[in-house]
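Please find below a short note on the model under review. The points run from the overall fold to single residues.

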Amino acid sequence: MFQELDPRTQRVRRGILERFCQNNGDGDKPFKMMMPRHIRKRRDEMVDRPEAANGMVKALRQLHKYAVRYDLHDANPAEKIEYLSGGAEGFHSWTLAEIERFEKQHPVGTTARLALALALYTGQRRADLVALGRQHIRDGWLVFTQHKNRKRKPVHMELPIIPALQHILDASPTGDLTFLVTSFGQPFTSNGFGNRFHKWVEEAGLENCSVHGLRKAAAARLAELGCTEFEIMAITGHTTSKEVTRYTRAASQKTRA
């Protein structure tokens, strides 16, 4: 089950479980004796970091799911642990003012502006943005498979290239295989792009603005235009409406009002 995960997810999951084992020598204790109260106590110790606490609970749920499936355990103690409610909003969604400030600092023709446009007008994750290139263009559409879960539950996408994005693509320097390239003309890694984008954000005098926040902003914009959740999911590639609902809650309220 672990081997079916993407390499990045494997690294994250491994790190969570290793930190769990290193705490108070928990790694030396028999896993069959773990009870919900043990996990709940550890979760409560991380109340100031709700996202990290919930990630730990999720990792333990998956671990014991494996144990139950392969007759190594009779029950899954982590299934009974509630997620913490703090940090429900997650990544900050860019405002129109923040987008305009970034655009003013980074004009059309720069890699920074191209990065913003790709994120805002496609609504894709960082790992997909760095992989998109001209080979994915088919008659004015971007055709590709999303990076996340591509081995287990691949999501195939076909997105229209709207005029605003096409204008910036035509005016920007791009690579042979990817639209986004480094100053050395090489494709970005996902982490490298994240670091570079953070510097562009700082140059624009912005705080708390990330690439993923543009994905949320794109979904919110679509909601304000009156798109349904299923129409937004067709752009973002979400397979359930749970995350989309969270992304667009405020925008949907504004539209209804």
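The numbered points below concern a predicted model.

1. Secondary structure. The protein chain contains 11 helices together with three strands. In sequence order the elements read α-α-α-α-α-α-β-β-β-α-α-α-α-α. The three strands thus follow one another in that pattern, with six helices before them and five after.

2. Overall dimensions and packing. The C-alpha trace of the protein chain spans about 60 × 45 × 35 Å along its principal axes. The protein chain has 257 residues, and 38% of them count as buried. Where contacting residues are at least 6 apart in sequence, 61% of the contacts join residues at least 24 apart.

3. Surface and charge. About 15,300 Å² of the protein chain is exposed, and 53% of this area comes from carbon and sulfur atoms. Side chains counted as positive number 40, and those counted as negative number 29. The centres of the two sets are 3 Å apart.

4. The second largest pocket. What volume does the second largest pocket have? The computed value is about 560 Å³. Its lining is made up of 22 residues, and those nearest the centre of the pocket are F20, D26, K29, F31 and M34. Three elements, α1 (7-22), α2 (36-45) and α3 (50-69), each give two or more residues to this lining. The largest contribution is that of α3, with five residues.

5. Backbone at D71. Most residues other than glycine have a negative phi. D71 departs from this, with a positive phi near 60°. The residue sits in the loop that links α3 to α4 (96-105). Is D71 buried or exposed? Its relative accessible area is 71%, so D71 counts as exposed, the cut-off being over 50%.

6. Backbone at N208. A second non-glycine residue with positive phi is N208, where the angle is about 60°. N208 belongs to the loop between α8 (190-203) and α9 (211-224). The relative accessibility of N208 is 63%, and the residue is therefore classed as exposed.

7. Points to view together. D71 and N208 each have a positive phi, and each is found in a loop between two helices. Both residues also count as exposed, D71 at 71% and N208 at 63%. In the pocket described above, α3 gives five residues to the lining, and the loop that holds D71 lies between α3 and α4.

Methods. Residues are numbered from 1 along each chain as its sequence is written. This is a predicted model: local features need pLDDT of at least 70, side-chain atom pairs count only at pLDDT 80 or more; totals for chains, interfaces and linings use all residues. Side-chain values use heavy atoms; hydrogens and water are left out. Helices (H or I, at least four residues) and strands (E, at least two) are DSSP runs, numbered from the N terminus. Buried means under 20% relative accessible area, exposed over 50%, partly exposed in between (1.4 Å probe, protein chains only). Contact means heavy atoms within 4.5 Å. Accessible areas come from the Shrake-Rupley method with a 1.4 Å probe; for residues, only the protein chains shown count as cover. Lys and Arg count as positive and Asp and Glu as negative; His and the chain ends are not counted. The place of a charge is taken as NZ of Lys, CZ of Arg, CG of Asp or CD of Glu. On a 1 Å grid over the protein atoms alone, a cavity is a set of points where a 1.4 Å probe fits but cannot get out, and a pocket is an open set with protein on both sides within 12 Å along at least five of seven lines; lining residues have an atom within 4 Å of a point. Grid points are joined across faces, edges and corners, and a volume is the space filled by probe spheres set on the points.
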